[in-house]
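Good morning, colleagues. I would ask you to keep the sequence and the model in view while I take you through a few selected places.

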Amino acid sequence: MAAFQPHTKLSFIFCVFLVQSLILKQGVSVNGGGITSKFVRKVEKAIDMPLESDVHITQGDHEGRAVIVSWVTMEEPGSKKVIYWKVNSKEKKSASGKVNKYKYYNYTSGYIHHCTIKHLEYDTKYYYQVGIGQSPRTFWFSTPPKVGPDVPYTFGLIGDLGQSYDSNATLTHYEKNPTKGQTVLFVGDLSYADNYPNHDNTRWDTWGRFVERSTAYQPWIWTVGNHEIDFAPEIGETRPFKPFKNRYRTPYKASNSTAPFWYSIKRGPAYIIVLSSYSAYGKYTPQYKWLEDELPKVDRTETPWLIVLLHSPWYNSYNYHYMEGETMRVMYEPWFVQYKVDVVFAGHVHAYERSGPRLLVMTEPQPDYSAFREASFGHAIFDIKNRTHAYYSWHRNQDGYAVNADSMWFFNRCWHPVDESTGVDV
Ligand SMILES: *[C@@H]1O[C@H](CO)[C@@H](O)[C@H](O)[C@H]1NC(C)=O
Ligand SMILES: *[C@@H]1O[C@H](CO)[C@@H](O)[C@H](O)[C@H]1NC(C)=O
Ligand SMILES: *[C@@H]1O[C@H](CO)[C@@H](O)[C@H](O)[C@H]1NC(C)=O
Ligand SMILES: *[C@@H]1O[C@H](CO)[C@@H](O)[C@H](O)[C@H]1NC(C)=O
């Protein structure tokens with residue numbers, strides 16, 4: 001244990017929370033394992049069906065005043081425009097985006113649209129419309145409050161979602177939670193299309209339609225997981241992250257990142273750093289250099305809460321995926337301690353574990369750092385109250401919507417440091 005001594009007084013708490021998709025893993029060809037639309041297109045088109053689907057939004061800049069709207073049209077590209085207006089305002093504005101298609105083995109995607117709406121007002125509800133001139137569909141979102149230390153903000157946490165009945169239960173529980181999440185921090189593994197033959201990319205389409213009921217109305221902040229890699233040289237697909245990169249956008253350029261898989265945003269009281277467990281992170285790599293430059297930029301008087309998202313947890317006492325996050329931990333943990341990262345959210349293990357202040361690496365029995373763990377699906381809420389306090393709660397799918405299976409207060413590392421070595425026999 002001597003090797004781990006330096007870490008026993010780490011001043012951040014590492015939170016693993018996990019979710020979904022065991023059923024999907026086993027159930028690729030099982031009927032009922034996913035959600036398959038019964039819609040069959042008629043041979044002759046009578047009237048155009050509403051074409052736009054898979055509508056999703058994410059933050060589009062560094063401060064929270066821009067939104068990237070994405071959607072897919074299957075048969076024709078349609079308009080690239082988004083029309084948007086403030087609630088109670090008659091003044092409509094429009095923005096124009098770009099459209100792309102991609103091929104993956106023998107799959108050809110629909111027309112994928114991405115359009116960034118900029119210069120929005122903070123803390124304001126907007127309506128927006130896609131499918132202009134054809135079959136308009138209207139959605140809405142609320143912008144975050146102006147970046148600042150004492151603005152409350154509530155994040156939802158979901159990862160490893162997939163598209164099984166359990167996935168639907170997770171999303172429903174998130175939606176019905178009496179504490180309403182305003183933005184989802186998604187910790188990787190979206191559609192699990194790669195579990196199907198030839199990474200059947202129609203599963204990306206069905207996933208996009210499944211989550212639209214949430215992703216069209218609040219931003220989901222994307223982290224890549226192993227199921228986004230889609231590296232399949234055996235079928236000629238050698239560009240990692242191809243489907244993800246075509247379908248999902250992240251505002252990485254706004255934080256001077258050079259790739260969409262690692263980036264940062266500010267949102268209300270939080271500074272969120274997204275890392276990629278599946279991109280190079282060793283010394284001298286682009287991700288390493290970016291993070292090295294990034295951490296000193298965080299001004300805790302402006303954004304007291306420093307949150308990191310990544311897919312493969314650094315502390316995980318389950319046998320499944322055990323130690324996969326270890327090399328990244330060794331690289332970056334000292335920085336996280338130095339810069340007082342408040343919380344790291346990870347996914348990947350499909351069960352739930354919260355690491356307490358004591359950080360050791362062992363497998364069985366349950367190590368000291370694992371304050372609470374269970375193998376179940378669910379979502380979490382990270383409810384920032386002010387610069388000192390945030391309330392974290394974990395909700396399992398088996399419980400009623402309002403039940404917290406596990407919860408705790410988080411105290412800000414800069415504004416309310418507490419001595420976590422207390423009670424821990426080092
Ligand atoms: C792609 O190939 C698979 C197997 O080779 C086949 O089952 C499927 O129908 C093909 N899909 C398309 C769109 O051609
Ligand atoms: C998914 O959840 C929604 C909301 O609870 C429900 O209306 C719908 O029937 C569910 N879908 C399936 C396929 O179970
Ligand atoms: C990105 O780099 C530019 C030019 O060096 C700098 O002005 C800007 O502040 C940087 N943005 C962030 C978010 O670090
Ligand atoms: C911050 O929030 C906590 C929890 O709601 C509360 O106890 C505390 O008084 C708040 N601090 C300030 C300065 O308002």
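**Ligand sites, a pocket and two hairpins**

In ligand 1 there is an oxygen atom that has a polar atom of the Asn106 side chain 2.3 Å away from it. On its own, ligand 1 would expose 360 Å², and 28% of that is buried by the protein. Asn106 has two companions around ligand 1, namely Tyr105 and Asn198. Please bear in mind throughout that we are looking at a predicted model.

I turn next to ligand 2. Which residues are found around ligand 2? They are Tyr165, Asn168, Thr172 and Arg213. Sorted by class, this shell consists of 1 nonpolar, 2 polar and 1 charged residues. Helix α2, which covers residues 165-176, supplies the largest share of the shell, with 3 residues.

Two of the side chains here deserve a closer description. For Asn168, an N or O atom of the side chain is 2.4 Å from an oxygen atom of ligand 2. For Thr172, the distance from a polar side-chain atom to an oxygen atom of ligand 2 is 3.1 Å. Of the 360 Å² that ligand 2 exposes when taken alone, the protein buries 43%.

Ligand 4 comes next. The residues around ligand 4 are Lys385, Asn386, Thr388, His389 and Trp409. How much of the accessible area of ligand 4 does the protein cover? Ligand 4 has 360 Å² on its own, and the protein covers 36% of this area. Within the shell, Asn386 has an N or O atom in its side chain at 2.3 Å from an oxygen atom of ligand 4. By class, the shell of ligand 4 is made up of 1 nonpolar, 3 polar and 1 charged residues.

Let me leave the ligands and move to a pocket. The second largest pocket holds about 530 Å³ of space. Two elements each give two or more residues to its lining: β6, at 98-100, and β9, at 111-117. Which of the elements gives the most to this lining? That is β9, which contributes 3 residues.

In total, 21 residues line the second largest pocket. Those nearest its centre are Ile68, Thr116, Arg249, Thr250 and Lys253. The lining is mixed in class, with 8 nonpolar, 7 polar and 6 charged residues.

I shall finish with two hairpins. The hairpin that comes earlier in my account is formed by β4 and β5, with 6 residues between the strands. Strand β4 spans residues 81-86 and strand β5 spans residues 93-96; the two pair in the antiparallel sense over 4 bridges. Val82 stands opposite Ala95, which belongs to β5. In the turn, Asn88 has a positive phi of about 65 degrees.

The other hairpin is built from β10 and β11. Strand β10, residues 125-130, runs antiparallel to strand β11, residues 137-142, and 6 bridges join them. Opposite Val130 we find Arg137 of β11. Here, too, 6 residues lie between the strands, and the turn includes Gly131, whose phi is positive at about 80 degrees.

As you look along these strands, one general point may help: side chains in a regular strand alternate between the two faces of the sheet.

Thank you for your attention.

Methods: Residues are numbered from 1 along each chain as its sequence is written. Chains are lettered from A and ligands numbered from 1 in the order in which they are written. This is a predicted model: local features need pLDDT of at least 70, side-chain atom pairs count only at pLDDT 80 or more; totals for chains, interfaces and linings use all residues. Side-chain values use heavy atoms; hydrogens and water are left out. A residue is near a molecule or strand if one of its heavy atoms lies within 4 Å of it. A polar contact is a pair of N or O atoms within 3.5 Å; within protein, one must be able to donate a hydrogen and the other to accept it, and residues adjacent in sequence count only if both atoms are side-chain atoms. Accessible areas come from the Shrake-Rupley method with a 1.4 Å probe; for residues, only the protein chains shown count as cover. Ala, Val, Leu, Ile, Met, Phe, Trp, Tyr, Cys and Pro count as nonpolar, Asp, Glu, Lys and Arg as charged, and the others, Gly among them, as polar. On a 1 Å grid over the protein atoms alone, a cavity is a set of points where a 1.4 Å probe fits but cannot get out, and a pocket is an open set with protein on both sides within 12 Å along at least five of seven lines; lining residues have an atom within 4 Å of a point. Grid points are joined across faces, edges and corners, and a volume is the space filled by probe spheres set on the points. Two strands pair if DSSP finds at least two bridges between them.
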